[in-house]
Amino acid sequence: MSGTIDLRSDTVTRPSPAMREAMAGADVGDDVLDGDPTLGALQARVADLLGVEAALWTPTGCMANTVALMHHLTRGDRFLAPAGAHVLEAELGTAAWLAGGLPLPLEHDGGPGRPTPAAVTRAAGAAGPYFGLRTSLLCLENTHNGAGGAVTGVDEHRALVAAARDAGLAVHLDGARIWHAAAALEVAPHELTAGADTVSVCLSKGLGAPMGSVVAGSAAFVDQAWRLRKMLGGGIRQGGVMGAAGLVALGQARDLPADHARAARLAAGLRALGWPATTPDTNIVLVPTADPATLVAGLGAAGVRAVPFGPGVRFVTHRDVDDDDITHVLDRVAGIAAP
């Protein structure tokens with residue numbers, strides 16, 4: 001058996017040679033004092049892609065989401081999010097701890113990863129007495145990681161935003177993998193952000209940057225976001241090194257359809273072996289099992305790295321995995337009993 005094939009996440013990728021070259025030659029400045037020119041170029045490019053006025057780089061996606069939620073929420077406000085959303089399950093409770101929001105998960109009654117507009121309307125409710133909870137924000141996620149990289153389509157997104165607007169809610173879109181959703185639907189990213197007040201996107205998940213996310217929205221929001229990022233410890237100096245990586249990463253979005261095709265091939269191959277693999281919308285394949293830890297250990301012994309994920313195991317294709325790797329994975333899995 002040759003080397004281990006790592007399918008734990010699309011964040012395990014290494015910077016490409018072109019990315020390393022761009023990082024080494026980046027034009028930089030002190031971003032806290034004067035602004036970094038390469039980060040500025042990255043932020044302008046992302047704002048243009050998302051169809052918003054301005055954007056701000058952050059070291060992590062958790063920070064990007066926290067900045068947005070701190071902007072939108074007054075302490076004690078309730079916010080709505082699809083059940084299993086990253087802001088609910090994978091960010092150490094920062095939505096409550098730092099942004100002061102009380103989360104209300106919404107079931108996926110509109111399909112994997114998404115509530116219906118009617119569910120948003122019901123959950124938002126009507127204005128009550130001054131001592132009652134105030135619901136002020138809808139937080140969407142596209143693609144929805146916990147639902148296996150499930151995609152929300154353009155019309156569904158617009159209907160959810162419209163329901164939020166009718167209920168007087170602001171809208172934040174956690175678009176960490178928005179690039180995957182756009183590639184799967186063959187639309188421009190801005191079509192999937194329309195109407196959202198704020199959007200966060202990741203430059204690492206799928207695109208290959210070593211770190212970094214961007215939070216975007218109106219110019220007035222980004223003015224405040226600079227202060228909130230600094231408050232959270234995200235003021236950076238010569239950030240152009242990471243900005244250069246981000247600019248290259250945006251260009252690598254063109255490779256995402258190949259990741260999706262490999263995920264589909266992996267899922268079909270697993271099902272042919274008797275594994276109950278989901279059919280992926282994008283690059284995430286889920287395999288339900290009653291004993292994820294044992295299955296992950298068996299895969300590891302066979303040279304395939306995956307992770308326990310809810311009531312199952314997750315495999316994620318990415319730019320450092322090629323067609324031959326998928327063949328090797330299926331060959332190795334063939335020696336493991338189906339879950």
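**Exercise 1. Determine the strand order and the pairing sense of the open three-stranded sheet in this predicted model.**

Solution. The order of the sheet is S9-S12-S11, and the pairing is antiparallel. The edges are formed by strand S9 (284–288) and strand S11 (307–308), each of which pairs on one side only. S11 joins strand S12 (residues 312–316) in the antiparallel sense over two bridges. Within this pairing, Val307 has Arg314 in S12 as its bridge partner.

**Exercise 2. Identify which strands helix H11 and helix H12 meet, and give the angles.**

Solution. Begin with helix H11 (residues 256–272), which packs on the sheet and touches S9 and S12. The direction of H11 makes about 20 degrees with that of S9. Turn next to helix H12 (residues 292–301), which lies across S11 and S12. H12 runs at about 40 degrees to S12.

**Exercise 3. Describe the largest pocket and its lining.**

Solution. The volume of the largest pocket is about 250 Å³. Its lining has 19 residues, and the closest to the centre are Thr60, Gly61, Cys62, Lys205 and Ser213. Helix H3 (61–72) and strand S7 (198–202) each supply at least two lining residues. H3 gives the most, with four residues. By class, the lining divides into seven nonpolar, nine polar and three charged residues.

**Exercise 4. Describe the second largest pocket in the same manner.**

Solution. This pocket holds about 210 Å³ of space. It is lined by 14 residues, of which Ala126, Ala127, Gly128, Leu133 and Thr135 are the closest to its centre. The lining comprises eight nonpolar, four polar and two charged residues.

Note on methods:
Residues numbered from 1 in each chain as written. Predicted model: local features only at pLDDT ≥ 70, side-chain atom pairs only at ≥ 80, totals over all residues. Heavy atoms only, no water. 1 Å grid on protein atoms, 1.4 Å probe; cavity = no way out; pocket = protein on both sides within 12 Å on 5 of 7 lines; lining within 4 Å. Points joined across faces, edges and corners; volume = space filled by probe spheres on them. Nonpolar A, V, L, I, M, F, W, Y, C, P; charged D, E, K, R; others polar. Pairing = 2+ DSSP bridges. Contact = heavy atoms within 4.5 Å. Axes fitted to C-alpha atoms, helices over the stretch in contact; angles between N-to-C directions.
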